[in-house]
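Here is a friendly walk through one protein chain, meant to be read with the model open beside you. We start with the chain as a whole and then visit a few residues in turn.

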Amino acid sequence: METTENLGYLKGLIDGLELDRSKKETKVINAIVDVLSNIVEDIDDMTEGMELLADQVDSIDEDLAEVEDFVYDDDADFDCDCDCDDCDDCDDGEFEVECPLCGEEFVVDEDTAMQGSAHCPNCGEKLEFEVCECDDDDDDDDDD
């Protein structure tokens, strides 16, 4: 039985006793039943509120899952803002670059990369790029 049903059963038992309403004991029992009725109402209200809250949390969880799917769409290393597939490659001090003009792939060292540009050894095109410092996020204040 639910609490509300139990309370109704209790009220029925008390009414079945046919107690004299003018006696102190009957007044105390009726006061206890009134308090229990208020508690049952409060519990019902809280239960309803918790169910609404649970629905809202479920909805937020679903929305967050969609955002996570959108933001973390690929298998990239999320601790790094680089476009590289494996951030461990950044640690060796060399970066693989492809010239957009001729398609030549070549490697530049860390010092050249930090300067922000390099010339293609095949066609001489000046390539400009940004290099993130994967291990140091304190350089976000530097503006070029």
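Of the 144 residues in the protein chain, 15% count as buried. Please keep in mind that this is a predicted model. The accessible surface of the chain comes to about 12,000 Å², and carbon and sulfur atoms account for 46% of that surface. Among contacts in the chain with a separation of 6 or more, 27% are between residues 24 or more positions apart.

**Layout of the chain**

Three helices and four strands are found in the protein chain. Read from the N terminus on, their order is α-α-β-β-α-β-β. Helix α1 covers residues 3–16 and helix α2 covers residues 24–71. Further along come strand β1, at 94–98, and strand β2, at 105–109.

**The nonpolar core**

Which residues make up the largest nonpolar core? There are nine of them: Phe95, Val97, Cys99, Phe106, Val108, Ala113, Ala118, Cys120 and Leu127. Strands β1 and β2 each supply at least two residues of this core.

Val108 is a good place to zoom in. Leaving out residues up to four places away in sequence, Val108 touches Gly93, Glu94, Phe95, Val97, Ala113, Ala118 and Phe129. Several of these names may look familiar, since Phe95, Val97, Ala113 and Ala118 are also listed in the core.

Glu98 lies in strand β1. Its contacts, leaving aside neighbours within four places in sequence, are with Gly103, Glu104 and Glu105. You can also compare Glu98 with the core residue Cys120: 22 residues separate Glu98 and Cys120 in sequence, while their C-alpha atoms are 8.5 Å apart in space.

**The nonpolar patch on the helices**

Now turn to the surface, where Tyr9, Leu10, Leu13, Val28, Ile32, Val35, Leu36, Ile39, Ile43 and Met46 form a nonpolar patch of about 880 Å². Both α1 and α2 supply at least two residues each to this patch. Which helix gives the most to it? That is α2, with seven residues.

Ile43 is one of the patch residues, and its place is in helix α2. Ile43 counts as partly exposed because its relative accessibility is 36%, which falls between the limits of 20% for buried and 50% for exposed.

Ser37 also belongs to helix α2. Is Ser37 buried or exposed? At 12% relative accessibility it is under the 20% limit, so Ser37 counts as buried. Apart from residues up to four places away in sequence, Ser37 touches Leu7 and Lys11.

**The loop between α1 and α2, and the residues beside it**

Glu18 sits in the loop between α1 and α2. Its phi is near 50 degrees, a positive value in a residue other than glycine. With 70% relative accessibility, Glu18 counts as exposed.

Thr26 is found in helix α2. What does the side chain of Thr26 reach? It comes to 2.8 Å from the backbone oxygen of Asp20. Neighbours within four places in sequence aside, Thr26 is in contact with Leu19, Asp20 and Arg21.

Lys27, also in helix α2, has its own contacts with Arg21 and Ser22 when neighbours within four places in sequence are left aside. Arg21 is therefore a partner that Thr26 and Lys27 both list under the contact limit of 4.5 Å. Thr26 counts as buried because its relative accessibility of 6% is under 20%, whereas Lys27 counts as exposed because its 52% is over 50%.

The table gathers the accessibility values for the residues visited above.

| Residue | Relative accessibility | Class |
|---|---|---|
| Glu18 | 70% | exposed |
| Thr26 | 6% | buried |
| Lys27 | 52% | exposed |
| Ser37 | 12% | buried |
| Ile43 | 36% | partly exposed |

To retrace the tour on your screen, begin at Glu18 in the loop between α1 and α2, follow the nonpolar patch with its seven residues from α2, and finish at the nine-residue core.

Note on methods:
Residues numbered from 1 in each chain as written. Predicted model: local features only at pLDDT ≥ 70, side-chain atom pairs only at ≥ 80, totals over all residues. Heavy atoms only, no water. Buried < 20%, exposed > 50% of the residue type's maximum accessible area, 1.4 Å probe, protein only. Areas by Shrake-Rupley, 256 points an atom, 1.4 Å probe, with all protein chains shown as cover. Core = buried A, V, L, I, M, F, W, Y, C linked by side-chain atoms within 4.5 Å. Polar contact = N/O pair within 3.5 Å; in protein donor to acceptor, adjacent residues only side chain to side chain. Patch = residues over 30% accessible without salt bridge, like charges linked within 9 Å, V, L, I, M, F, W, Y side chains within 5 Å. Salt bridge = Lys/Arg side-chain N within 4 Å of Asp/Glu carboxyl O.
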